[in-house]
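Visitor: I would like a close look at one part of this molecule, the empty spaces inside it and the residues around them. Please take it slowly and explain each term.

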Amino acid sequence: MTEEFQVRPMRKDEIDIPLDMAAEEGWNPGLEDGPAFYEADPGGFLAGEIDGKLINVISAVRYGEAFGFIGFYICKPEFRARGYGHLIWKRAMENLGTRTIGLDAVKEQTASYAEHGFRSVYRNVRHAGLSVCDTPMDPRLAPLGQGLFPAVRDYDRDFFPAPRTEFIRLWTAPMLETRRGFAFVEDGSLKGYGVIRQCRDGYKIGPLFADTPDIADTLFRALAGQVKGQMVVLDTPEPNAAALLLAETYELSPEFETFRMYRGLAPDLPLDQTFGITTFELG
């Protein structure tokens, strides 16, 4: 290891770099995830460099003063096992300070994160398969748009440990060509919403939040029906048995798992109403 290694915040025009590195690792990010990721915390994406050459990245996104999330912890293969990962990790943790911190870890890495004070709380299961759905003709379904944003923002607040207004604004942006979203509105009240976005391979649904399994089912069909015949992916928290049944009902097969880990007090979130996780990278 040399003294020329430095860690710096990434610029907005560099946000596709960690997404490209994630794609090379097989993580399959969305085609237009970058703007929403960056706006979640413009200072939350870090790059490690040797003599000006980028060799590793990490995200340490701060959501307010009480919560943060680690993701995109990636080093180029030729620079691994040389101590650079530890240095950028240390900087990321310094940035997050005393906040409760979450991350999604593959099983092989859980012991390593446990050494840093993280505790595994539950398992997430990624399901994938070809969409066999038709979008239902249900008057309670409404395409996401600016008029619905305040209700979506307020509804989302119960599903995340801290406000993430700018992230959700861009994540649900109706002007993006690679994603679609629907809300379920009944008696003037929003009771669920979901987004489907195009990824490097197929389409991911996330988030998928709903008051009841029936509402989640309607939203899933609305979203998956937009890409019938294409590959769809749904990341479900294992404690939600109805979410696992939803994936099975529509012929999605388990193909990958992560473990949600927290350092600090784990937030009390409505997993029974969480049918699709927004994104492993940012929580």
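Guide: What follows starts at one residue and moves out to the spaces and to one helix.

This is a predicted model, in which local features need pLDDT of at least 70 and side-chain atom pairs count only at pLDDT 80 or more, while totals for chains, interfaces and linings use all residues. Residues are numbered from 1 along each chain as its sequence is written, and side-chain values use heavy atoms, with hydrogens and water left out.

Begin with Thr172, in the loop between α6 (165-171) and β8 (179-186). Helices (H or I, at least four residues) and strands (E, at least two) are DSSP runs, numbered from the N terminus. Thr172 counts as buried because its relative accessibility is 11%; buried means under 20% relative accessible area, exposed over 50%, and partly exposed in between, with a 1.4 Å probe and protein chains only. Leaving out residues up to four places away in sequence, Thr172 touches Leu144, Phe149, Tyr193 and Val195, where contact means heavy atoms within 4.5 Å.

The side chain of Thr172 also reaches the backbone oxygen of Ile168, at 2.8 Å. Ile168 sits in helix α6 and is buried, with a relative accessible area of 2%. Among the residues that Ile168 touches, not counting those up to four places away in sequence, are Phe149 and Tyr193. Asp156 is another of these contacts; Asp156 and Ile168 are twelve residues apart along the chain, and their C-alpha atoms are separated by 8.3 Å.

Now the spaces. Rolling a probe the size of a water molecule over the atoms shows where empty space is left. On a 1 Å grid over the protein atoms alone, a cavity is a set of points where a 1.4 Å probe fits but cannot get out, and a pocket is an open set with protein on both sides within 12 Å along at least five of seven lines; lining residues have an atom within 4 Å of a point. Grid points are joined across faces, edges and corners, and a volume is the space filled by probe spheres set on the points.

The structure holds two cavities of 30 Å³ or more. Thr172 helps to line the second largest, together with residues including Leu144, Phe149, Val152 and Arg169. That second largest cavity has about 50 Å³ of space, and its lining has six nonpolar, three polar and one charged residues. Here Ala, Val, Leu, Ile, Met, Phe, Trp, Tyr, Cys and Pro count as nonpolar, Asp, Glu, Lys and Arg as charged, and the others, Gly among them, as polar.

The largest cavity has about 150 Å³ of space. It is lined by 16 residues, and Tyr122, Phe159, Arg260, Leu269 and Gly283 are the closest to its centre. β4 (67-75) and β12 (253-263) each supply at least two residues of this lining.

The largest pocket has a volume of about 1100 Å³. Of its 39 lining residues, Trp27, Tyr73, Ile74, Val106 and Tyr113 lie nearest the centre. β4 gives the largest share of that lining, six residues.

Last comes helix α7 (residues 213-224), with twelve residues. Nine of the twelve are buried, among them Asp217 and Phe220.

Key:
A polar contact is a pair of N or O atoms within 3.5 Å; within protein, one must be able to donate a hydrogen and the other to accept it, and residues adjacent in sequence count only if both atoms are side-chain atoms. The expected span of a helix is 1.5 Å times one less than its number of residues.
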